[in-house]
Amino acid sequence: MKLCSIMERYMAPDDVTVRAPVPLIMRIAVVLYKLGSCAEYRVVANQFGISKSSVKKFVYMFCMVQGPIKQLIRVPTDEEAAEIARRFEASHHIPQIMGLIDGTHIPILPPSDGYKDFVNRKGWPSYILQAVVDDRFCCKMPGSAHDANALRQSDLFQRAHLLPKSMKTIGGHDVNLLIVGDPAYPLLDWLIKGYANSPHLTPQQDSFNTYLSSVRVGVEMTFGLLKSRRRVLLKRSDFHFSFAPTMIATCCALHNFCQKELDHANSSWLEEVTDRLNNFPQPNQPVNL
């Protein structure tokens, strides 16, 4: 109902219509059912007793709105980033961490022209959803792209100078707030990753890798929770490939909305997601040495 009140000015039916309009609450329900399941337009239309064109119209209306829902995806303020860093340090004993970056592949129906550009290393077509947990989402790179290239093409990389700044002196050095990535990402002054696997690592370096890996589990759990709430991200949907990035970003915004409202997520959902992911195993990214 809170979502209905937020979207009322964008999706409320017109006052003057030839026949009785679909009420707002059903329009929102249609969108949530479509994004929360793997059902096709035909199935959703039969479920609600409306036409397929109406289902598509409501989904596009909801996803195309650049209003309060999309504003849930944003960079934290300096105060919020400092609080995130304090929580990370308390739980994982690594200071100055304000976010975790990673990517996950979302199945799509690719275009016939340029099909191979969308095929990932596992052999199925996808978009890369790249996310910094709780901060910013990016989804516009075809599945064949490397994680490091997806980062360079993202708004996050282009606007890195706008990230929160909060220096802390550690061991006599000023350390800025950092984002944690996996070995596929480049090492930057605002992005940190573990040491490359080598038999020559010192015990301190090996211990650092262990602590950093324990931090990165958080972003993988977030992707699992996102897909458990929005099952449309688990299989190839009937959305046009050009609309898929907008739909995926909307699912991410709805995830943030649920987190903000402390919406309960059932653990059994994650088990179902794990089973379904076996149909589309995630590609392993090679490290660009």
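**Figure 1. Cysteine C251 in the predicted model.** C251 is buried, its relative accessible area being 0%. The coordinates shown here and in the other views are those of a predicted model. A search over the whole structure returns 0 disulfides. C251 takes part in none, and its nearest cysteine sulfur, belonging to C63, lies 6.8 Å away. Because a disulfide requires two cysteine sulfur atoms within 2.5 Å, the C251 and C63 sulfurs at 6.8 Å do not qualify. C258 is a further buried cysteine, with a relative accessible area of 9%.

**Figure 2. Overview of the chain from which the close-ups are taken.** The chain contains 11 helices and 7 strands. Of its 289 residues, 44% are buried. Among contacts between residues at least 6 apart in sequence, 64% join residues at least 24 apart. The structure holds 10 salt bridges, and the count of aromatic pairs is 7.

**Figure 3. Salt bridge between K34 and D238.** The side chains of K34 and D238 form a salt bridge with an N to O distance of 2.7 Å. This pair connects distant parts of the chain, with K34 in helix α2 (residues 24-35) and D238 in the loop between α9 (203-229) and α10 (244-260), 204 residues apart. The two partners differ in accessibility: K34 is buried at a relative accessible area of 1%, whereas D238 is partly exposed at 29%.

**Figure 4. K34 over the rings of Y41 and F239.** Besides its salt bridge with D238, K34 is placed over two aromatic rings. K34 lies over the face of Y41, 4.4 Å from the ring centre. K34 also lies over the face of F239, at 5.0 Å from the ring centre. Y41 and F239 are both buried, as is K34.

**Figure 5. Aromatic pair Y41 and F239, with the cluster around it.** One of the 7 aromatic pairs in the structure is formed by Y41 and F239, whose ring centres are 5.8 Å apart and whose planes stand at 85 degrees, so the arrangement is edge-to-face. Y41 belongs to helix α3 (residues 41-48) and F239 to the loop between α9 and α10, so this pair ties together parts 198 residues apart in sequence. Both rings belong to buried residues. Ring pairs join Y41, Y60, F239 and F243 into a cluster.

**Figure 6. Aromatic pair F118 and Y127.** Like Y41 and F239, which are both buried, this second pair consists of buried residues. The ring centres of F118 and Y127 are 5.6 Å apart and the planes are at 85 degrees, so this pair is edge-to-face.

**Figure 7. Salt bridge and network in helix α5.** E83 forms a salt bridge with R87, the closest N and O atoms being 3.8 Å apart. The two residues are 4 apart in helix α5 (residues 78-92), a separation of about one helical turn. Salt bridges with shared partners join E83, R86 and R87 into one network. Two members of the network have the following accessibilities: E83 is partly exposed at 33%, and R87 is partly exposed at 48%.

**Figure 8. Salt bridge between E40 and R42.** The side chains of E40 and R42 meet in a salt bridge, with an N to O distance of 3.5 Å. E40 is partly exposed, with a relative accessible area of 40%. R42 is likewise partly exposed, at 46% relative accessibility.

**Figure 9. Buried face of helix α1.** Helix α1 spans residues 2-11, and its buried residues include L3, C4, M7 and M11. Viewed down the axis of α1, the buried residues fall within an arc of 85 degrees, so they line one face of the helix. The elements covering these residues include α2, α4 (52-64) and α10. Two of these helices also appear in the account of the K34 and D238 salt bridge: α2 carries K34, and α10 follows the loop that holds D238.

Notes:
Residues are numbered from 1 along each chain as its sequence is written. This is a predicted model: local features need pLDDT of at least 70, side-chain atom pairs count only at pLDDT 80 or more; totals for chains, interfaces and linings use all residues. Side-chain values use heavy atoms; hydrogens and water are left out. Buried means under 20% relative accessible area, exposed over 50%, partly exposed in between (1.4 Å probe, protein chains only). A salt bridge is a side-chain nitrogen of Lys or Arg within 4 Å of a carboxyl oxygen of Asp or Glu. Rings of Phe, Tyr and Trp (its six-membered ring) pair if their centres lie within 6.5 Å; planes under 30 degrees apart count as stacked, over 60 as edge-to-face and the rest as tilted. A charge sits over a ring if NZ of Lys or CZ of Arg is within 6 Å of the ring centre and within 35 degrees of the ring normal. The arc is that of the directions from the helix axis to the C-beta atoms. Contact means heavy atoms within 4.5 Å.
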